[in-house]
Structures are given as structure tokens and as C-alpha cells.
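The exercises below ask the reader to work from the coordinates to short structural statements. Each task is followed by a solution that proceeds step by step.

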Amino acid sequence: MNRRVIRVVLFAVIAAFLCKACIVKDVPPSGSKNKIKNENINSLTYPYPKNVTINGVDYLQSQLPIGKFGGELITSTIGQGPKTFNPFNSKDNISSAMSAIMYDGLLSTHPVTGEPVPKLAKAYEILPDGMTYIIKLRHGIKWSDGVPITADDVVFTWKDIIFAGLGDTSLRDSMVIDNELPSVRKIDDYTVEFKTPKPYAPFIRSLSASIAPKHIFQKAVDKGGEYFDSFLSTTTKPEDFVVSGAFKLKEYLPAQRVVYVRNPNYYEINLKDQKLPYLDKLVYLIVGDLNNEILKFEAGEIDVIALQGSKVARYKALEPHSDFVLYNLGPATSTMYLSVNLNDRKGENGKYYVNPVKQKWFQDINFRKAVDLAIDRKNMVFNIANGIGTPLFTPESLNSIYLNKDLKPFDRDIVKAQAYLKKSGFYKNKKGNLYDKDGNRVEFDLYTNAGNTEREAIGVMVKQDLEDLGMKVNFKPIEFNSLVNKLVSTFDWDMVIMGLTGTPLEPNGGKNVWLSDGRLHLFNMRSPQEGKKNILPWEKELDEMFTKGALATSFNDRKKYYDRYQEIIYNEKPMIYIYSPVIINAIRRKFKNIYPSSLNGLTHNLEEIYVEE
Amino acid sequence: METLKYIIKRILQTIPLLIVVSIISFFIIRLSPVDPLAELKLNPSISPETVQKEKERLGLDKPIIVQYGKWAVSFVKGDLGVTSSGEKVSRKLQERIPYTLLLTSIVILLTWFVGVPLGIIAAVNWKTPFDRILTVLTSIGMAIPSFFFAVLLLMFAVKTGWFPVGGLTSPDFADMSFGRKFLDIAYHLVLPVTVLFTISLASLQRQMRANMLDVLDSDYVKFARAKGLSEFKVVYKHALRNAINPMITLLGFEFAGLLSGAALTEYVFNYPGLGTLILEAVMKSDINLVMASLMMGAVMLVTGNLIADILLILTDPRIRVKS
């Protein structure tokens, strides 16, 4: 008797305890997928701040409604957090983002049009020769320690840090034209001139690189490369940072958070001439993974979050009675593609990288066209991206300002695909298996990196789609590092599903992928010794387009070349683009002056955002 | 003197052990097909020169045996090297070790101060309702996987809002007074400590109970009782001393778990300890960091055992005589 009572009571206590955890504030997910329209994007009306001069100081004046000062915005970053706060040393995205908050560049990108717009600079001018850039600086603006920002800082940053090859040299490497670097020259205290050896249009985007305070960086530069690599690292005291950006580092706790406070000397003001930013604090929580981030958002510990496709439907249903708003930022800049290995060369051991039988198929444009037509992109968007995505047919992402809009999307057409195969002599036997004209069964491997659930799902669907044509596809998700090794060193793969992130502003950023001797020319990768061996006619044309595109100066001229490059890929199909996910962000309602931009993200105008209680 | 000799002998014995451990781990990591530079190689904006420079910096262009030699030499000199992103390994570990120690030592103290007495009480009150309730509770504690339990508690925190969702401190921690700082950390520690405490308490309590029951059943306890000693003296003077010996060995293993035992829970709770650091290091094949943590684990295990053995010598006269 006694024992039974105890057991019952015990059970009841445990059950009650567990049930408390199950009292759900959830709303049953309704079928309202796909309903976050771009109606929320009011970025089309975003008024970019204007230059105003007050008492001889050239401020940037925000054109948005006047807000309240104070408050904080807490956001998150996934992974291990920044490795450095030195903008010239950062090799990973998180470090770059964390240091870019503190160090403004001369120019920035207009969140709607994507044009270069003045930031730390007051104005810029490109002379008609297409090689000379005149940058006018703001009078009277200061670093966070009160020292004026002048042409000396700019010249020092470019000459002694970037061109000198200190820290991460990617930016420098990308500007070498015919083995020559651009030059930089001080004209007066508030004017700087840059000169490229040849007209080189992508250079203007480089001018958004951070500018360093000379009086702080000089001693680090003098001590040389090794010292510079550890300069302003994550162990530097926050007081030692002298910044030009809207926020300044206050605290960094490894694996916990990065806290910034407002920079009282920031050069942007509101319409009442009060100094921005509105927020007192900006906090980045360092979270371990996506799940943790979601939990923290739901518990109200963070204010902004980027949602994955699978979560969007639920959040959309929650939105009307929650304290957050969803924003559709449009297509992501990342592209997902299926690439075919066009390599027809032999390795050092005298063996072909790709089996010669398979080479015949892959080199055959009809085969590639058939594959392209057999892939059901809409189905993938619907099933894998939960409808939160757009089918993709071009190498440029859908929000790219260089997107070739003449390249029309098409639907899956299995009949047409079969017709292409027939043209090249492929035939099906009675069981529906596909054979080539020499009687070889069409069978190949399809790789992707294991662990990326989205790509794995795409792989499964591609396999099914291609099996409708009678091909036998061995889908093999393998470990990321091994896959990269196959792609860039051993070249022994048939087809692969991968993704690349590009920039929507500058196609030249993808030259490593498209130039026939590029380091990431995956679909027909050549080892450095091979140079441009066995170059295909359309590869040659691609090379030409990229070379000319970089040297042309006007947007319209460049657009012509880059339109042609997209057309070549669209026609030749070495890489078959699948879809691009749409970015959905959620942010608490209390934040005002939110002007989301497809190019720059949800909180690109941090200094103008304020909290309304 | 004898004891000292014994300790020195034991320490010398660990040297070949550590060498073997390091060789095996180094080669397994290096022979796995993980390329620490894969991400750089697949980034269109990184130039080949940069990749080559990184390769040289990490010593990946040399044969494995040379890489091991270099690592071993600097390890012996006390230099743990740098991580793949160029930070000092020793610094990275230093950042995290205090947090992990804070968590694990609280848990160990709690479990021992609660688990051992509970085990004794349960054994003394054998087969009473109290003992039975404890048995049920510890069964539950032993049956729940720590990972799952941690996730459950995290969900609980999200739905009720009673506890923070992971982490160690609140964002405005820096501006708090000392008292509030203390409370803030305690508040954040409740859930992870609960997880680890429930799980290790269960096994410890059971172990103690079983030991105690064994001893209580032995002849000398019966004799002590027959002699007319008070029950208190029988249990706490005669039985307990004998029952505690196996627990000391266990304590040695607990010591080894001080730095690594909480890794899973740390990961789920987004706790800024060693767990997340080392997990990521393994995924990225960050050799110096992985090696440092493996060696640390090995050293801790060896030391833990050594400490346990020494404690045993001190507490158990039988061993003292034999050695």
C-alpha cells in the first residue's frame, strides 16, 4: 500500500514537471508557405544619407525619421567568433564583419542600386581616362580618440599596409594588373588620388576597404609582418582600438560575445543634427549552431535572426501575435549548381583524370542539355527549400546588378531531353536503361559534401530526375575536405553538386571560376603546369569576356561583356544552376528605421536604427 | 620514502605511454583525408599564393614524420604551437579551461557531497521506502543520456523562460556589481550543472550504496555489532572506512574527467568551455589544438590514477604494507 502511494506520487511529480515544458505557446503551423512577399521590402524608397557641412565639418546626414537614443541590439554569429579585429588580417567572414563595424571604408555600396557611394570619403570622381580616381575627404571628422581623419591615413593604409602586402593579401592580389599595382598619392590634406596601371573597373569596389588610423597602426607597420599578424588581435584591450565606424569594441569574451558601444565621434548626424548612432550598444552573441540560435531567438535573448526555409512557415504563422516582423530580403547571393567534369587530359601518371568513355558523354553538349532539361528545379524549390527559393539558370545570382535578364527560365521537359540524347546516338534498352552509341551503359558518380543536408537532398532529387532518362547515377555524399581535394587537385570526379558565394556587385570576383586557368575553374580544371591546354572555343571566349569586362569602365560596356559570359554558360552548360534560396530575416518589432536591402542585408544602416519601447 | 620512490617510478612509466599516445593520435589525424585548407581553397577570392603561404606556415608541405618531429620538439619545450588561424594554442586553452573547471568542479563537489552520504543512508536504510525512491530516481538518472537530457532542459528553459538558454553570462555582465555577477553566473550554471549532476550522482550513489551494503554484510561488522558498539560507531567508524576505498579509485577517474567530461553538455548549452573548442578543432583538423587537447586528456588521466593510488596508500594500511 505504502509503496504504491509513493510510486504514484513520484510519477505524478515527474509527469507534472515534464508537462510544464510541453505547455506550448505555439500556434499550429498553417499551410501559409510562400506568403512572405516583398511587400515588406521598402528599401526601394531608402533615402541615402546626404552630405551637409556644419561649422566647417562635413557630416553625413541621415534622411530617415528621427529616433530615440539609447537601447541595444543583440544579434548573433554562429561558430567560434572572430579570430582578429584587425580588418587587414581577417581571413574569415566573421572576423571581416566584426572589424568592418569599427573601420569604415572610403566608399560603401548603395543598398538599392548597388552603386559605389561615399562613406568616409565626401565624394569621388573617376577621370575620363578610366585610370585616375580622385577621392575628396570630409573636413573636420575625427577618429574615436579625437585625432582628425586626413589624407595621410588613407595614403598610409593603402601604401604601407595593403600594397605592402601586410596581413591578408587577397585584396592586394586581386588588384595586380600585368604585374603592376595601382598607385596612391596625397594631393592635399583632404584629397587623395589613386591611379591604376590600366583602366580597371573592379578597382572602385576595392575602395570600400577599411581605412586605418595612421597614428595607431604606424608602430605595428614599422615592426613588420609577423608583428602585424598579431596586431589588434582578439587579446588586445578594447581601450586600445581607435575607430572611425559607428561602433567601438567594448568587450570580447571568447565563445560568448562581442560587445560594441557607440563611437561618440562618428560622422553621421540625424535631421536634428544630433550625432548618430542611436543605439548605445551592439552585441553579437557567439552561438554554437543554428539550433542554439533559434532557441535563443525564441527565448528573446537575441533580436535578429536569419531563418532557414524549413522554419519560415512556422514563423510566418507566429508573426501576427509575436513581437517580431519577418522581412524577405530576396534571393541569396549564393548559387547552387550541378557541375559536369569536362576534363579531357591525362594526369602525370599517364592516366586520364576522367574515364574516356565518360568523357565522350560529358563533352557532348546534347548530353549536358538533356541533363539540364531533366532537372526539375521547381520541384526542388518546393520540396527542399520549402518554397522559399527561386529556380536559377544563370551563374550570376538573381540580385546581381549584372544579371542577364534575357536568359529565360524553362521548365522540366523530359521529351525534349530524350530527343537531345537520341540526336547523339544514345538509346534505351527494353528495361529503360540508357546506353551510348558504342553500347556503354550510361553510369556515373555524383558527389556532394556530406553533412550539408540541403545539397544531399538536391543530390537525391537530381539522381531521380536523371534516372527518368535511363541514366544510372551513383550518388555519393563525401566528406567536404575530400571533395575539395577531388575538385582542385586530383580531378577524378564525374558530376558534383556544390555552391559558391559570389558578390552581386562585381562579376570579376568570380574570375577564378571562369578563367580557363583560374584556380577554381572546376568544370575543366587545369593544373598550373597545364596552363591553358586543350582550351575549348567557348572557354576562350569566356576568358576574353572577363579580361575585357575588367578593363572596360562604363557600366553599360561592362554589362555587355558580362551578359555574354552568362549567355555562354547558359548555352554550354558546364555548370547547371539549380536554385537560389530566398533570405528571410526576423527582427523584433521595437526596432525602427529598418530598411532591408537585398544587397546589404537587414541591418546595413545600423547607425540609423533605434529602439522604440 | 617508499612512497616517494613509488611515485617517481610511476611518473617515469607514463613517459613512454604519452609518447605512444601522441604518435598514434598524430598519425591518425594526419592520415585522415581532412584538409585543413579546404575552405580556403574553395574560396574564389583567395589567391593561390595565399594558399601556398598558409601551407608553408602550417608545415603541411613536409612529410608527416617531419611534421611530427617538429611538433614533438616544440611540445617538449613547452610550446604548444599555433592554431590553424594563427592564435596561440596555449592561450586558446587558457581562455577556456577556467570555465570548464568551474563547471566540472562544482558538479564533482556536489555529486560527492550529496552522492556519498545518500549512498550511505540508502545502504543503512536498506529496503525502506526511502531507499526505494532513491533507487527509482537514480535509475532514471542513469537511463537518460546526457545529451538528450540537456536538450530537454534547454527546451524547458525556452518554453518557460525561467532559465537562460545556454551561455555563461548575460550581455550586460560587464556593468554588474560583484554580487550580481555572482548571481548571474550561478543562474546560468543551474541547467548544465543539473544535467551533469543528475547523471553522475546516480552512478556514484549506487556505487557507494553497493560498497556499503557489502561491508555491512561482512563478518567484522557483525562482530562489531555483537560487541555491543553503538550503530553509529559501527557504520561510521568501521564500515565506512572500508567501503570508501573503491570510491577513491573512482575519484581518480573523476579527476581525468575534469577537463573533458562535460564536452557534450557544454556543446548543447553553448557553454564557453573546452568542449566546443575541441569539437571544432577536430572537424577542421586543427592539428596543434587537437594534439594539445589529447595530450592534456592523457596527462589528466595518468595524474588522476596516480593521485588515486597515492590516496589509497594513505588510507589503506594493507596497500602500504604490501608496497
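**Exercise 1.** Which order do the strands of the open sheet of four strands in chain A have, and what kind of pairing do they show?

Solution. The model is a predicted one, and the strands are to be read from it on that understanding. Going across the open sheet, the order is E3-E13-E11-E10 of chain A, and the pairing is mixed. The next step is to find the edges: strand E3 (72-78) and E10 of chain A each pair on one side only, and they are therefore the edge strands of this sheet. Neighbouring strands in the sheet are turned against each other by 20° on average, with direction ignored. Taking one pair in detail, E10(A) and E11(A) run in the antiparallel sense and are joined over six bridges, and within this pairing Tyr252(A) has Val258(A) of E11(A) as its bridge partner.

**Exercise 2.** Determine how the radius of gyration of chain A relates to the value for a compact globule, and describe the chain as a whole.

Solution. Begin with the expectation: for 613 residues, a compact globule would have a radius of gyration near 25 Å, and the 27 Å of chain A agrees with this. Along the principal axes, the C-alpha atoms of chain A fill a box of roughly 95 × 85 × 45 Å. The secondary structure of the chain comprises 18 helices and 26 strands, and 45% of its 613 residues count as buried. Finally, of the contacts in chain A between residues at least 6 apart in sequence, 69% join residues at least 24 apart.

**Exercise 3.** Which residues have the most contacts inside the largest nonpolar core?

Solution. In soluble globular proteins, nonpolar side chains tend to be buried together. The largest nonpolar core here has 156 residues, and those with the most contacts inside it are Leu106(A), Tyr337(A), Ala370(A), Ala374(A), Leu469(A), Ile578(A) and Ile587(A). A second, separate core has 56 residues, among them Leu295(A) from chain A and Trp71(B), Val195(B) and Leu277(B) from chain B.

**Exercise 4.** Are Leu232(A) and Lys573(A), each with a positive phi, buried or exposed?

Solution. First the backbone: phi is near 55° in Leu232(A), which is a residue other than glycine, and phi is likewise near 55° in Lys573(A). Next the location: Leu232(A) is in the loop between helix H7 (225-229) and strand E10 (247-253) of chain A, whereas Lys573(A) is in the loop between helix H18 (555-572) and strand E23 (575-577). Then the neighbour count: Leu232(A) counts as buried because 24 C-beta neighbours lie inside 10 Å, and Lys573(A) counts as buried because it has 22 such neighbours.

**Exercise 5.** How many residues of chain A are in contact with chain B, and which elements of chain A give two or more residues to that side?

Solution. The contact joins 46 residues of chain A with 45 residues of chain B. The elements of chain A that give two or more residues are helix H1 (2-22), helix H4 (170-174), strand E11 (257-262), E13, helix H8 (290-298), helix H15 (480-490) and helix H16 (511-514). Sorted by class, this side of chain A has 19 nonpolar, 15 polar and twelve charged residues.

Key: Residues are numbered from 1 along each chain as its sequence is written. Chains are lettered from A and ligands numbered from 1 in the order in which they are written. This is a predicted model: local features need pLDDT of at least 70, side-chain atom pairs count only at pLDDT 80 or more; totals for chains, interfaces and linings use all residues. The radius of gyration is taken over C-alpha atoms; the globule rule is 2.2 Å times the number of residues to the power 0.38. A residue is buried if 20 or more other C-beta atoms lie within 10 Å of its own, exposed if 12 or fewer, and partly exposed in between; C-beta atoms are placed from the backbone. Two residues are in contact if their C-beta atoms, placed from the backbone, lie within 7 Å. A nonpolar core is a set of buried Ala, Val, Leu, Ile, Met, Phe, Trp, Tyr and Cys residues joined through C-beta atoms within 7 Å. Ala, Val, Leu, Ile, Met, Phe, Trp, Tyr, Cys and Pro count as nonpolar, Asp, Glu, Lys and Arg as charged, and the others, Gly among them, as polar. Two strands pair if DSSP finds at least two bridges between them. Axes are lines fitted to C-alpha atoms, for helices over the stretch in contact, and angles run from 0 to 180 degrees between N-to-C directions.
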